[in-house]
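Here are some short exercises to work through with the structure open beside you. Try each task yourself before you read its solution.

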Amino acid sequence: MKIIIIGAGQVGATLAENLVGEMNEITVIDSDQDTLRQLQDRLDLRVINGVGSHPDVLKKAGAEDADMLIAVTSSDESNMMACQVAYSLFKTPTKIARVRSEQYIIYQEQLFKHQDVPVDHLIAPEQLVTKAIKRLIDYPGALQVVEFADGKASLVAVKAYYGGLLVGHALSTLKQHMPNVETRVAAIYRRGRPIRPLGTTVIEADDEVFFIAATKHIRAVMSELQKLESSYKRIMIAGGGLIGAGLAKLLEHNHNVKLIEYSQERAKYLSAHLDKTIVFYGDASDHELLTEENVEQVDAFIAVTNDDEANIMSAMLAKRLGAQKAMVLIQRSAYVDLVQGGEIDIAFSPQQATISALLTHIRRGDIVNVYSLRRGAAESIEAIAHGDQNTSKVVGREIRDIKLPPGTTIGAIVRADEVIIAHSNTKIEANDHVILFLVDKKFISHVEKLFQPSAFFFG
C-alpha cells in the first residue's frame, strides 16, 4: 500500500515504524526538518518537509496515487483540512484523521461525511484511553483487557502470582480446575520473553499470561492465576483533562470518585458538569491533600495529567500513602516499561491505543479489530473468514491444517453469538470471527493473505 502519514510526532513515527517493514511504501510529511531527518536515519521511508494540508506538499508526496492518507499532527484542524484537500484535489480513497477536541467528536455523525468534512475514519485518542482504563477498573488485577466481536470475547493479560491456583501446574490442568469454562492461553511472557504455551508448560509466578475466553468467563479464569481482587469502589483521579473528565463521567454512577485538578477554572467547570464526582482544586502530588482525602482508602489512584513526571510522582506518592493500585498515563512510550511493575501497577500509553485503532483501518483482508500488545511487540487480530473451501485458505479447514506463520495462534472463534475456544480439530466456517495472537508482528502480512479470499470470491 502507498500510505502518506502527516505528522512525525510520537504517533506518526510509531505508526511508520509499524508499517514500514510490511511491504508498504510510506511517505511522512512534517514541518520539522530535524524530526524527519531522525526518522529517515532509522527507517526506510520517504520524508517531505512542509505543511501537510498544502496542495503542493501533498502532490509532492504522491497523493494522486496514494491508497491512504493518515493525518496525526497535534492540530485537529490541520488533520481535517489535510483530509479535505486530499479528497477534493486528489480523490485519495481512504482518509484517517486524529481528532481530539470533544466538540468535534460530539458532532462527528453530522460533520464527517464526504459532502462535509471527508474523513473516513476518526481516531479519538482520549476516548480510546478512557475506555481502556474503564476495562481495567471492571477487571481488577488485569494488566490489559481487549474485546472482540462486539464484546463477546476478551483477551486478558494478567501476572501470575504466588498463591494462584494454577501457579506451579501445567496448563493442561486448567480444564480440571474449571470443567465448565472454556479458555485458551494464547501466550506467556517469562522475564520479558515469549514462550510457546503447550499443555505441558508449567506456569511460574511473575509470568505474564495472555488468555482468551468468552467475556462472561474472564473473572473465573483470572481467579485461577491470581488471588481475585475485590471490585474497585473508591477511585481517585489526578487530572481533569479530557481523559480524567471522561473517566469520571463513566465511573461516577457506580463508584465513589474524587478528582484533583490543578487549574482552578477547570476545577470549577468540572464540578458544575459532573454529577456525583467530588472535584478538588490542587496539586495531586501534595502529600497533605492526599492524606486529608484519605488516599489510603482508595482502591485505584489514576494519574492522567498531561505531564508524565507529575503522573509518575503523584502515583508513587499515592501508593506509598496506602492506595491499593496506582495507574498512570505515560505520553512517552519508552517510559512505560521503566515504570510499570514496581510501585506503579499499570502504565498505559495513548500512543499504543491510537496505533491499535489506526492498524484496524490499515490491515488488509477483512480485519475488524487490531490491538497492539506488550507495548507494540505483539498483536492480536480479529479477522472475518470469507468464501468457501475453494476460494478461501481457512474456510472449511481444521486449525491443524491451516499454515499459520511462526508464533501465531488462533485463540477463539466467534460464530454468531457463540464463543468457541479453538482446538486443533476446530473447523472454521464462513463468516466466523477468528481471533489470532501474534507473538511477532512481522508475520502480519502472512495472516492478512490467509484471510483474503481468492479473486474468484464475490462477497
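**Exercise 1. Find which residues gather in a patch of negative charge on the surface, and place Asp 286 in the chain.**

Step 1: The patch is formed by Asp 283, Asp 286, Glu 288 and Glu 292. Asp and Glu count as negative, Lys and Arg as positive, while His and the chain ends are not counted.

Step 2: Patch members need over 30% relative accessible area and no salt bridge, and like charges are joined within 9 Å. The place of a charge is CG for Asp, CD for Glu, NZ for Lys and CZ for Arg. Areas come from the Shrake-Rupley method with a 1.4 Å probe, and for residues only the protein chains shown count as cover.

Step 3: Asp 286 sits in the loop between β14 (278–281) and α12 (287–292). Helices (H or I, at least four residues) and strands (E, at least two) are DSSP runs, numbered from the N terminus.

Step 4: With a relative accessible area of 33%, Asp 286 is partly exposed. Buried means under 20%, exposed over 50%, and partly exposed in between.

Before going on, note that this is a predicted model: local features need pLDDT of at least 70, side-chain atom pairs count only at pLDDT 80 or more, and totals for chains, interfaces and linings use all residues. Residues are numbered from 1 along each chain as its sequence is written, and side-chain values use heavy atoms, leaving out hydrogens and water.

**Exercise 2. Decide whether Ala 149 and Ala 416 are buried or exposed.**

Step 1: Ala 149 has a positive phi of about 50° although it is not a glycine. Ala 416 also has a positive phi, of about 55°, and is not a glycine either.

Step 2: Look for Ala 149 in the loop between β7 (142–148) and β8 (153–159), and for Ala 416 in the loop between β20 (408–415) and β21 (418–421).

Step 3: Ala 149 is buried, at a relative accessible area of 5%, whereas Ala 416 is exposed, at 66%.

**Exercise 3. Work out which parts of the chain the salt bridge of Arg 190 and Glu 204 ties together.**

Step 1: Side chains of opposite charge can pair when their charged atoms come close. A salt bridge is a side-chain nitrogen of Lys or Arg within 4 Å of a carboxyl oxygen of Asp or Glu, and the structure holds 17 of them.

Step 2: Arg 190 and Glu 204 meet at 3.5 Å, N to O. Arg 190 lies in strand β9 and Glu 204 in the loop between β10 (193–195) and β11 (208–214), so this pair ties together parts 14 residues apart in sequence.

Step 3: Arg 190 counts as buried at 15% relative accessibility, while Glu 204 is partly exposed at 34%.

**Exercise 4. Do the same for the salt bridge of Lys 258 with Glu 293.**

Step 1: The closest N and O atoms of Lys 258 and Glu 293 are 3.3 Å apart. Lys 258 belongs to strand β13 (residues 256–261) and Glu 293 to the loop between α12 and β15 (300–303), so the pair ties together parts that are 35 residues apart in sequence.

Step 2: Lys 258 is buried at 17% relative accessibility, and Glu 293 is buried with a relative accessible area of 16%.

Technical notes:
Patches are made of residues with over 30% relative accessible area and no salt bridge: like charges are joined within 9 Å, nonpolar side chains (Val, Leu, Ile, Met, Phe, Trp, Tyr) within 5 Å. Buried means under 20% relative accessible area, exposed over 50%, partly exposed in between (1.4 Å probe, protein chains only).
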